[in-house]
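Here are my notes on the model you sent over, point by point. Have it open while you read, and start with the loops.

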Amino acid sequence: MSEIESADVVVIGGGVAGVSAALRAVELGAKTFLVERAELGGQCLHRGLYAIKTALMRLEALKESAAGSASPDVAGLFQTVKTAANNISAQWEQNLEKRKVQVLKGTGSLVGGGKILVQGAEGERLIQSPKTILALGSAPKEDPLIPFDGETVFSAEEIFEFQELPKNILIQGANRCGIELAALLNQLGSRVFLNDEGSRLLPGRDPDLGLFLEEQMKKRKIKSLLNKKISSVFKNAGALDVNLETGIKFSTDAMILCRANKANSEALQGTGIDLGEEGEVWVNEFMETTFKGTYAVGSLTGRERDPLLSEEEGRAAAQNALGKVTPLDSKQTPYLLHSNSPIASVGVVCAEAHHYGFQAVEGKCDLSKLDFALAKGEVVGWMKIVGDKSSKKIIGAHLCGPGAHEALHLAALAIRKGLSVKDFAEMTCDWPSPFLGLKKAARSCWGKLMKPR
Ligand SMILES: Cc1cc2nc3c(=O)[nH]c(=O)nc-3n(C[C@H](O)[C@H](O)[C@H](O)COP(=O)(O)OP(=O)(O)OC[C@H]3O[C@@H](n4cnc5c(N)ncnc54)[C@H](O)[C@@H]3O)c2cc1C
């Protein structure tokens, strides 16, 4: 091993969370190392939500092209997804190097005294750093009763290895990954069942968004089995016989487990970093672990999140590590779901706003009533703006249907910048623009805010 090198910040793990942390750290002038043992981009880019999204986008483009009527070539599509992920990963690496992040290929570990050991194909390196950001990610969690077998029971990560799709697929877990995967597999022609023990889709979000999603899935013939626990699964001649606790029995060709992942924290045992029952690293709102100078971000911290939040956490951790103290307000991070119809949300939900000290009212615009809907043909969706009675500021936006993803970014910026509902109500919009729905929702909200109590 060569001599000890020094750094201001070492980030271990090059998924979305780690890359974002490293980029923010160099931006703040820190000498930064990023250690990655496999491909930059992590689970999300290569086998997770970015990959699912890439496949959905490619399918959409295919449908719009002349070849759209032919049934899609699954193996070809998944190969395209892998190629796109590798290209993005290579671009990230170039960008990191251009911005002067030193990318080290190898496995990083904490060896005490602020030292990080990197073991790679080219040997070992030892780096001394006052600040370490752990972005080790997570991996699919196996159910001991239904182990992954590569034949009928799979993790979501494995679908991109499929050469052809099973006719019937049961997705277990209606989290973000399960929902987006259901949309993809349905569009590729499989008959999809989506099962979850929870009683509604998108818990924690505006309840009407969950209902909208359920309706859209029904239209697409995706069968949602909510509030239902699987009691047993038996292999039967290359298929699976599934029994639900409610007594429902059915057979499926394959099952994909989309439950919460398990944190990659095995190597952190005994380092002084406190872990939760599921191995997740405990952090405070500054992304600090219980071990001084060490931060943790992304899915390593266990909470169910999406890549945008992982990215925000990376930025926040780098800022906090370098003395620009910024607590993370996860409510300000936009949430965009790529299902059969766009769903997007940011800020607080009206019914829960009082928990955050707000007195909330909401205004809604039905998109089907807008001029552009009549011009375009069938448009289904709505936009809601939540305002606070005392400050008159926008504190939430919940949107679905055409334009929801585009419009959400404006709403997220408005919340971050403390704009008032009136600012939105007075916005000038072109008539076919998705922002018109936001404006109308804000007008309705403003009317209610101005009503005497
Ligand atoms: C099936 C499925 C389930 C999901 N479940 C969750 C979930 O439960 N929670 C959640 O937050 N998000 C989940 N997601 C969403 C998404 O994948 C993550 O939010 C996102 O990938 C998190 O990014 P990350 O950077 O934290 O981790 P990752 O994308 O996993 O990246 C971590 C990176 O660290 C590298 N690494 C790990 N250990 C070391 C080491 N010692 N040295 C060097 N490199 C190392 C890995 O190779 C990897 O590239 C899930 C996605 C899917 C597809």
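1. Lys-392 counts as partly exposed, because 16 C-beta neighbours lie inside 10 Å, and the cut-off for exposed is 12 or fewer, that for buried 20 or more. You'll find Lys-392 in the loop between β23 (382-388) and β24 (394-400). Have a look at its backbone too: phi is positive, about 75° for Lys-100 and about 65° for Lys-392, although Lys-392 is not a glycine. Bear in mind that this is a predicted model, so please read every number here as computed from it.

2. Lys-100 also has a positive phi without being a glycine. Its place is in the loop between α4 and β4 (102-105). Buried or exposed, with 10 C-beta neighbours inside 10 Å, is what you might ask about Lys-100. Lys-100 counts as exposed, because 10 neighbours falls under the limit of 12 or fewer.

3. One more lysine in a loop: Lys-229 is found between β13 (223-225) and β14 (230-236). Lys-229 is exposed, with 11 other C-beta atoms within 10 Å. Exposed or not, Lys-229 does have some company from elsewhere in the chain: leaving out residues up to four places away in sequence, it touches Glu-197, Leu-244 and Glu-245. Thr-246 sits 17 residues along the chain from Lys-229, and their C-alpha atoms are separated by 7.7 Å.

4. Now the whole chain. It has 11 helices and 24 strands. The radius of gyration is 23 Å, close to the 22 Å that the globule rule gives for 453 residues, so the chain is as compact as a globular protein of that length. If you want a box for a figure, the C-alpha atoms fill roughly 70 × 60 × 45 Å along the principal axes.

5. How much of the chain is buried, out of its 453 residues? Buried residues come to 46%. As for contacts with a separation of 6 or more, 63% are between residues 24 or more positions apart.

6. The chain is divided into domain 1 (5-140 + 262-329), domain 2 (153-258) and domain 3 (341-449). Note that domain 1 is written as two segments, 5-140 and 262-329. The centres of domain 1 and domain 2, taken over C-alpha atoms, are separated by 28 Å. Their contact takes 19 residues from domain 1 and 19 residues from domain 2.

7. On the side of domain 1 that touches domain 2, α2, α3 (49-64) and α4 (74-98) each supply at least two residues. Which element gives the most to this side? That is α3, with 6 residues. By class, this side of domain 1 has 12 nonpolar, 3 polar and 4 charged residues.

8. On to the ligand. Domain 1 and domain 2 both give residues to the shell around the ligand, so the ligand lies between them. The shell counts 38 residues, and Gly-13, Gly-15, Gly-42, Gly-137 and Gly-298 come nearest. The elements that give two or more residues to the shell are α1 (16-27), β3 (32-36), α2 (42-47), β5 (107-112) and α7 (307-321). By class, the shell has 16 nonpolar, 16 polar and 6 charged residues.

9. A few strands in domain 1 are worth tracing by eye. Strand β6 (residues 115-120) pairs with β7 in the antiparallel sense over 6 bridges, and the two form a hairpin with 2 residues between them. Within that pairing, Val-118 stands opposite Arg-125 in β7. Strand β7 (residues 123-128) also pairs with strand β1 (residues 5-6), this time in the parallel sense over 2 bridges. There, Ser-6 stands opposite Gln-128 in β7.

10. Last, strand β11 (residues 168-172). This strand is mostly covered, with 4 of its 5 residues buried. Parallel or antiparallel is the thing to check for β11 and β12. They run parallel, with 5 bridges joining β11 to strand β12 (residues 191-195). Ile-169 has Val-192 in β12 as its bridge partner.

Definitions and conventions
Residues are numbered from 1 along each chain as its sequence is written. This is a predicted model: local features need pLDDT of at least 70, side-chain atom pairs count only at pLDDT 80 or more; totals for chains, interfaces and linings use all residues. A residue is near a molecule or strand if its C-beta atom, placed from the backbone, lies within 6 Å of it. Ala, Val, Leu, Ile, Met, Phe, Trp, Tyr, Cys and Pro count as nonpolar, Asp, Glu, Lys and Arg as charged, and the others, Gly among them, as polar. Domain bounds come from an automatic or database domain assignment. The radius of gyration is taken over C-alpha atoms; the globule rule is 2.2 Å times the number of residues to the power 0.38. Two residues are in contact if their C-beta atoms, placed from the backbone, lie within 7 Å. Two strands pair if DSSP finds at least two bridges between them.
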